[in-house]
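User: I'm new to reading protein models and would like a walk through one. Could you show me the structure and take me through it feature by feature?

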Amino acid sequence: MKNIILKALSLSLLQKMGLASFHLFDIRSTQAFLSAHLQGSLHAQNEKEIIEFLAHLGGGGQ
């Protein structure tokens with residue numbers, strides 16, 4: 001399994017990069033996520049949840 005690097009990137013930077021699509025994961029606490037988050041962002045508690053989501057999205061297993 002490849003390493004995943006978590007970075008804080010601004011939405012405007014992602015748009016400037018011309019990406020056709022991307023997923024924004026919010027790894028703050030559930031309470032913080034529910035109180036305010038970017039529309040369309042996904043909540044994950046940790047790196048494992050992000051990996052599981054991406055594996056499911058790509059149709060791959062673990």
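Analyst: Happy to. Let's begin with salt bridges: this is a predicted model, and the count of salt bridges in it comes to two.

User: Which residues form a salt bridge with a closest N to O distance of 2.7 Å?

Analyst: The general idea is to look for a side-chain nitrogen of Lys or Arg within 4 Å of a carboxyl oxygen of Asp or Glu. Here, Asp 26 pairs with Arg 28, and their closest N and O atoms are 2.7 Å apart. The two side chains also make a polar contact at 2.7 Å.

User: Is each partner buried or exposed?

Analyst: For this you read the relative accessible area: under 20% is buried, over 50% is exposed, and partly exposed is in between. Asp 26 has 11% relative accessibility, so it counts as buried. Arg 28, with a relative accessible area of 38%, is partly exposed.

User: Where does Asp 26 sit, and what does it touch?

Analyst: Asp 26 is part of strand S1. Leaving out residues up to four places away in sequence, Asp 26 touches Phe 33, Ala 36, His 37, Leu 42, His 43 and Ala 44.

User: What about the salt bridge at 3.7 Å?

Analyst: That one joins the side chains of Glu 52 and Lys 48, with 3.7 Å from N to O. Both residues are in helix H3, which spans residues 47–58. They are four residues apart there, so about one helical turn separates them.

User: How exposed are Glu 52 and Lys 48?

Analyst: Glu 52 has 32% relative accessibility and therefore counts as partly exposed. Lys 48 reaches 54%, so it is exposed.

User: Let's step back. How do I read the overall layout?

Analyst: List the helices and strands, then follow their order along the chain. This protein has three helices and two strands, and from the N terminus on they run α-β-α-β-α.

User: Can I also look at the loops? Where does Ser 29 lie?

Analyst: Ser 29 is in the loop that links strand S1 (25–26) to helix H2 (30–35). A polar atom of the Ser 29 side chain lies 3.1 Å from the backbone nitrogen of Ala 32. With a relative accessible area of 43%, Ser 29 is partly exposed.

User: How far apart are Ser 29 and Gln 45 in sequence and in space?

Analyst: It helps to look at both kinds of distance. Ser 29 and Gln 45 are 16 residues apart in sequence, and their C-alpha atoms are 7.1 Å apart in space. For the protein overall, take the contacts with a separation of 6 or more: 23% of them involve residues 24 or more positions apart.

User: How much of the protein is buried, and what is its surface like?

Analyst: Of its 62 residues, 16% count as buried. The accessible surface comes to about 5200 Å², and carbon and sulfur atoms hold 56% of that.

User: Which residues make the nonpolar surface patch?

Analyst: When you read a patch, look for nonpolar side chains that share a piece of surface. Leu 9, Leu 11, Leu 13, Met 17, Leu 19, Phe 22 and Leu 38 make one of about 590 Å². Take Leu 11 as an example: you'll find Leu 11 in helix H1, residues 11–16. Patch residues need over 30% relative accessible area, and Leu 11 is partly exposed at 32%.

Methods. Residues are numbered from 1 along each chain as its sequence is written. This is a predicted model: local features need pLDDT of at least 70, side-chain atom pairs count only at pLDDT 80 or more; totals for chains, interfaces and linings use all residues. Side-chain values use heavy atoms; hydrogens and water are left out. Buried means under 20% relative accessible area, exposed over 50%, partly exposed in between (1.4 Å probe, protein chains only). Contact means heavy atoms within 4.5 Å. Accessible areas come from the Shrake-Rupley method with a 1.4 Å probe; for residues, only the protein chains shown count as cover. Patches are made of residues with over 30% relative accessible area and no salt bridge: like charges are joined within 9 Å, nonpolar side chains (Val, Leu, Ile, Met, Phe, Trp, Tyr) within 5 Å. A polar contact is a pair of N or O atoms within 3.5 Å; within protein, one must be able to donate a hydrogen and the other to accept it, and residues adjacent in sequence count only if both atoms are side-chain atoms.
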